[in-house]
Amino acid sequence: MNLRDLRSLQDWFVRYQLNSVPGVAEVASVGGYVQQYQVDVDPNKLRSYGLPLSMVVEAVERSNRNVGGNVVEQAGQWSVVRGVGLIESPADVENIVLTAQNGIRST
């Protein structure tokens, strides 16, 4: 695995499992390369739809939220519970719904 993949694995999976261990207060990531996607917004298109830039920012944040949970014990087996909302490709960003009017979505 390259450094970006290792960092992503730690940030999105290992961190939450370690945080669920009793006595672990914080898991700090150091090193590697953090994967980023940059969204270029066309202000004229936003204006034509009547959408503020803040709506784009909020929609991207909501779509990429990965929520840690806790552990559940059932029949002697422990399971880590978490909510996954990872953006994994540019196509995922392109498919984020900003608003819908009359059954037509704006992405």
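## A tour from Gln 36 outward

Select Gln 36. This residue sits in the loop that links α1 (3-19) to α2 (43-49). Keep in mind that the model is predicted.

Is Gln 36 buried or exposed? Gln 36 counts as exposed, because its relative accessibility is 60% and the cut-off for exposed is over 50%.

Now add Val 93 to the selection. Draw a distance between the two C-alpha atoms. For Gln 36 and Val 93 the separation is 11 Å. Along the chain, these two residues are 57 residues apart.

Next, switch to cartoon and show the whole chain. How many helices and strands does the chain have? There are 4 helices and 4 strands. Trace them from the N terminus: the order is α-α-α-β-β-α-β-β. The chain is more spread out than a compact globule, because its radius of gyration is 18 Å, well over the 13 Å that the globule rule gives for 107 residues.

Reduce the view to the C-alpha trace. Along its principal axes, the trace spans about 55 × 35 × 25 Å.

Colour by accessibility. Buried residues account for 20% of the 107 residues. Then turn on the surface. The accessible surface of the chain is about 8200 Å². Carbon and sulfur atoms contribute 51% of that area.

Move on to contacts. Take those between residues at least 6 apart in sequence: 38% of them join residues at least 24 apart.

Last stop: charges. Select the 9 positive and 11 negative charges of the chain. Place a marker at the mean position of each set. The two mean positions lie 4 Å apart.

Definitions and conventions: Residues numbered from 1 in each chain as written. Predicted model: local features only at pLDDT ≥ 70, side-chain atom pairs only at ≥ 80, totals over all residues. Heavy atoms only, no water. Helix = DSSP H or I, 4+ residues; strand = E, 2+ residues; numbered from the N terminus. Buried < 20%, exposed > 50% of the residue type's maximum accessible area, 1.4 Å probe, protein only. Rg over C-alpha atoms; globule rule 2.2 N^0.38 Å. Contact = heavy atoms within 4.5 Å. Areas by Shrake-Rupley, 256 points an atom, 1.4 Å probe, with all protein chains shown as cover. Lys, Arg positive; Asp, Glu negative; His and termini not counted. Charge placed at Lys NZ, Arg CZ, Asp CG, Glu CD.
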